[in-house]
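Reader: Could we go through this protein together? I should like to ask a few short questions as we look at it.

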Amino acid sequence: MEAEKCAICGRVIPEGAQVCPDCMKIAGKEQQQAAQELRDIADVLSITANTDRNIQKSMEALLRIASRLERKKK
């Protein structure tokens, strides 16, 4: 019988698993980053009043998004 292989990297993994522990960690980090980006986008889109606090919060969210995008390029 052929050994189970990770669906992402192809390494041999325990029977019944679909991905290896290393790929699982990477996927978890990517999901956390995507969730944070969605929260930041929601913060930006939530400007409904012309208050200084809403504008400041939105600008901070935009800067966090831009920073993460810059890190991904490198």
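Reader: Is E37 buried or exposed?
Author: In this predicted model, E37 is buried, with a relative accessible area of 16%. Buried is the right word because the limit is under 20%.

Reader: Where is E37 found?
Author: E37 is found in helix α1.

Reader: And what does E37 touch, not counting residues up to four places away in sequence?
Author: With those neighbours left out, E37 touches I65, R68 and K72.

Reader: What about L45, buried or exposed?
Author: L45 is exposed, and its relative accessible area is 65%. The place of L45 is also in helix α1, which covers residues 21-45.

Reader: Which residues make the nonpolar surface patch?
Author: The patch is made by L38, I41 and L45, and its area is about 320 Å².

Reader: A change of topic: how many disulfides are found in the whole structure?
Author: A search of the whole structure finds zero.

Reader: Why is there no bond for C6?
Author: The closest cysteine sulfur to that of C6 belongs to C9 and is 3.7 Å away, which is too far for a bond. A disulfide needs the two sulfur atoms within 2.5 Å.

Reader: And what is the nearest cysteine sulfur to C23?
Author: That of C20 is the nearest, at 3.5 Å, and C23 is in no disulfide.

Reader: Are these two cysteines, C6 and C23, buried or exposed?
Author: C6 counts as buried at 5% relative accessibility. C23 counts as buried too, at 9%.

Note on methods:
Residues are numbered from 1 along each chain as its sequence is written. This is a predicted model: local features need pLDDT of at least 70, side-chain atom pairs count only at pLDDT 80 or more; totals for chains, interfaces and linings use all residues. Side-chain values use heavy atoms; hydrogens and water are left out. Patches are made of residues with over 30% relative accessible area and no salt bridge: like charges are joined within 9 Å, nonpolar side chains (Val, Leu, Ile, Met, Phe, Trp, Tyr) within 5 Å. Accessible areas come from the Shrake-Rupley method with a 1.4 Å probe; for residues, only the protein chains shown count as cover. A salt bridge is a side-chain nitrogen of Lys or Arg within 4 Å of a carboxyl oxygen of Asp or Glu. Helices (H or I, at least four residues) and strands (E, at least two) are DSSP runs, numbered from the N terminus. Buried means under 20% relative accessible area, exposed over 50%, partly exposed in between (1.4 Å probe, protein chains only). Contact means heavy atoms within 4.5 Å.
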